[in-house]
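Me: I wish to work through a structure by questions and answers. Please show the sequence and the structure before we begin.

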2 protein chains.
Amino acid sequence: MNAGVQHEPLTRSVEDYLKAIYRLTPEGRAAGTSEIANLLELAPASVSGMVKRLSEHGLLEHVPYKGVQLTEEGRRAALRTIRRHRLIEAYLVAFLGYTWDTVHDEAERLEHAVSDQLVERMASVLGHPSVDPHGDPIPDVDGAIHEPASTPLSELPEGILVELRRVDESDPERLRYIASIGLQPGARVIVVDRQPFHGPITIEVEGQSHVIGHELGHVLRCVPLGEDA
Amino acid sequence: MNAGVQHEPLTRSVEDYLKAIYRLTPEGRAAGTSEIANLLELAPASVSGMVKRLSEHGLLEHVPYKGVQLTEEGRRAALRTIRRHRLIEAYLVAFLGYTWDTVHDEAERLEHAVSDQLVERMASVLGHPSVDPHGDPIPDVDGAIHEPASTPLSELPEGILVELRRVDESDPERLRYIASIGLQPGARVIVVDRQPFHGPITIEVEGQSHVIGHELGHVLRCVPLGEDA
DNA sequence: CTCCAGAATTAGTCATTCCTAATCTGGAAG
DNA sequence: CTTCCAGATTAGGAATGACTAATTCTGGAG
């Protein structure tokens, strides 16, 4: 239906806010001011100001002292930016020699500058992929997104064989470490041992055993493949 | 020598001003405030303000009521942006199905967002081209630029065979028209007739005869190949 | 039921970058 | 040598988007 919605251009800042709020509000949750400030590395007061402006522009709803949620329009704008970001990442990795630890920052800047036309051409030469190099699903042009179920490795029981599906991390150093122990979307992992109270997790990847912290385990989202020894 | 000059990041606006001033100041000329305002489609007063700030930052020298010239630092910054712009244009045409009439605006936005790394990778997969799709020379990484001599078609004598080298035009409609009559860098053109006082010019391209205005002839920069009938 | 800590908001600044309107300058024409 | 004008500059203002400091709200502990 609504083919050419002429979105008045949003600024970089606005796109970043919308993206951040989208990430912080799964399942109808509301995002708090300082959560947003944290994610964007801004002072909470700055967020209060921007939230006010954005809600006046109809991109989000704000209940003072409670939190914010995107409106349908805000959600669409956020997904448009996320689509751009993920397609750019996929393109840079496929055609310009980027690796997943270096691609995030580049995409972060480009996502605000590319035209719809360019993004769709990238999608086209990529064969319209459904996930980016980190395994994150790419929303389609209409803003529909299919988030396959997955469980953080840190919440899986011991002795289970899983496939790594997504790596929810953008820090280059952590990503390099993750890649260095053989972890990337599609990798087979066995959860050998998991200590209680957010303790370390022992995993086996490609026959090699590694111990990772709970925090790291949390960003590794997996799908169980079956039991193991 | 000076390998990693850490250029503090310039804003989009600043990069645009520097690029415009670079274009307006060949051979040590000085650019006037309203020339710059014209090129950037801004009010002259805005240019005065920006010029003041840029000269305080050491990017250009300003003699009030006389004009501005880039400093060495400003020149380097301008050439960095121009290199980006032209390589991006070349890349988009070579790999993403752009044509020369559509590529300018896209490059105009991307040139402010790409990293050095990305530009150099594009240069690399392109095989380090020396000119962009409009025939404009691409400065090298150190800011050296080789501008081969060429003459506007509007200044050539009649009855001469030339090769079109550069098309100094960014307006999509004009570029489409230019391309539609077979004109593109490398094309062979015969100047059949040139009326005085900036009158129309009759040319022959690929055996077809066309009459173009003086203004259009001015952006078509050529190199003579020899005499003709 | 009161009080306080932490979260959120408002108040007041600042830097960018643009604008319009008013004023100033320098050189050319009389 | 004076006047005038086009071009340039200054003055003043607005929007964006960030900051710090001061204030206010909310919910939970006592």
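Me: At what angle do α1(A) and helix α4 of chain A pack?

Reply: This is a predicted model, in which local features need pLDDT of at least 70, side-chain atom pairs count only at pLDDT 80 or more, and totals for chains, interfaces and linings use all residues. Residues are numbered from 1 along each chain as its sequence is written, while chains are lettered from A and ligands numbered from 1 in the order in which they are written. Helices are DSSP runs of H or I with at least four residues, strands are runs of E with at least two, and both are numbered from the N terminus; axes are lines fitted to C-alpha atoms, for helices over the stretch in contact, with angles from 0 to 180 degrees between N-to-C directions. The axes of α1(A) and α4(A), residues 72-95, lie 8 Å apart, and the packing angle is about 100°.

Me: Which orientation does α1(A) have to α4(A)?

Reply: Angles under 35 degrees count as roughly parallel, over 145 as roughly antiparallel, 65 to 115 as roughly perpendicular and the rest as oblique. The angle here is about 100°. Therefore α1(A) is, with respect to α4(A), roughly perpendicular.

Me: How many charged residues are in the contact of α1(A) with α4(A)?

Reply: Two residues are in contact if their C-beta atoms, placed from the backbone, lie within 7 Å. Glu15(A), Leu18(A), Lys19(A) and Tyr22(A) of α1(A) meet residues of α4(A) that include Gly74(A), Arg75(A) and Ile82(A). Ala, Val, Leu, Ile, Met, Phe, Trp, Tyr, Cys and Pro count as nonpolar, Asp, Glu, Lys and Arg as charged, and the others, Gly among them, as polar. By these classes the contact has 5 nonpolar and 2 polar residues, and the number of charged residues is 3.

Me: Is α1(A) parallel or oblique to α2(A)?

Reply: The axes of α1(A) and α2(A) come within 10 Å and cross at roughly 120°. Therefore α1(A) is, with respect to α2(A), oblique.

Me: How many nonpolar residues are in the contact of α1(A) with α2(A)?

Reply: The contact joins Asp16(A), Tyr17(A), Ala20(A), Ile21(A) and Leu24(A) of α1(A) to Glu35(A), Ile36(A), Leu39(A) and Leu40(A) of α2(A). No polar residue takes part and 2 are charged, while the nonpolar ones number 7.

Me: Is the crossing of α4(B) and α5(B) left-handed or right-handed?

Reply: Helix α4 (residues 72-95) of chain B and helix α5 (residues 103-110) of chain B pack at about 130°, with axes 9 Å apart. That angle makes α4(B) oblique to α5(B). A crossing is left-handed if the near helix is turned anticlockwise from the far one by less than a right angle, and right-handed if clockwise. The crossing of α4(B) and α5(B) is right-handed.

Me: Which element gives the largest share of the side of chain A that touches chain B?

Reply: Between the chains, 11 residues of chain A are in contact with 12 residues of chain B. On the side of chain A, α5 (103-110) and α6 (116-126) each supply at least two residues. The largest share is 3 residues, from α5(A).

Me: What kind of axis relates the two copies?

Reply: Copies are superposed by least squares on the C-alpha atoms of residues with pLDDT of at least 70 in both. A turn of 180° and a shift of 0.1 Å along the axis lay chain A on chain B with an RMSD of 0.1 Å. The copies are therefore related as by a two-fold rotation axis.

Me: Which element gives the largest share of the surface near DNA strand D?

Reply: A residue is near a strand if its C-beta atom, placed from the backbone, lies within 6 Å of it. Of the 21 residues around DNA strand D, those that come nearest include Thr11(A) and Gly32(B). The largest share, 6 residues, comes from α3(B).

Me: Which element gives the largest share of the surface near DNA strand C?

Reply: DNA strand C is surrounded by 21 residues, with Gly32(A) and Thr11(B) among the closest. The surface has 11 nonpolar, 9 polar and 1 charged residues. Its largest share, 6 residues, comes from α3(A).
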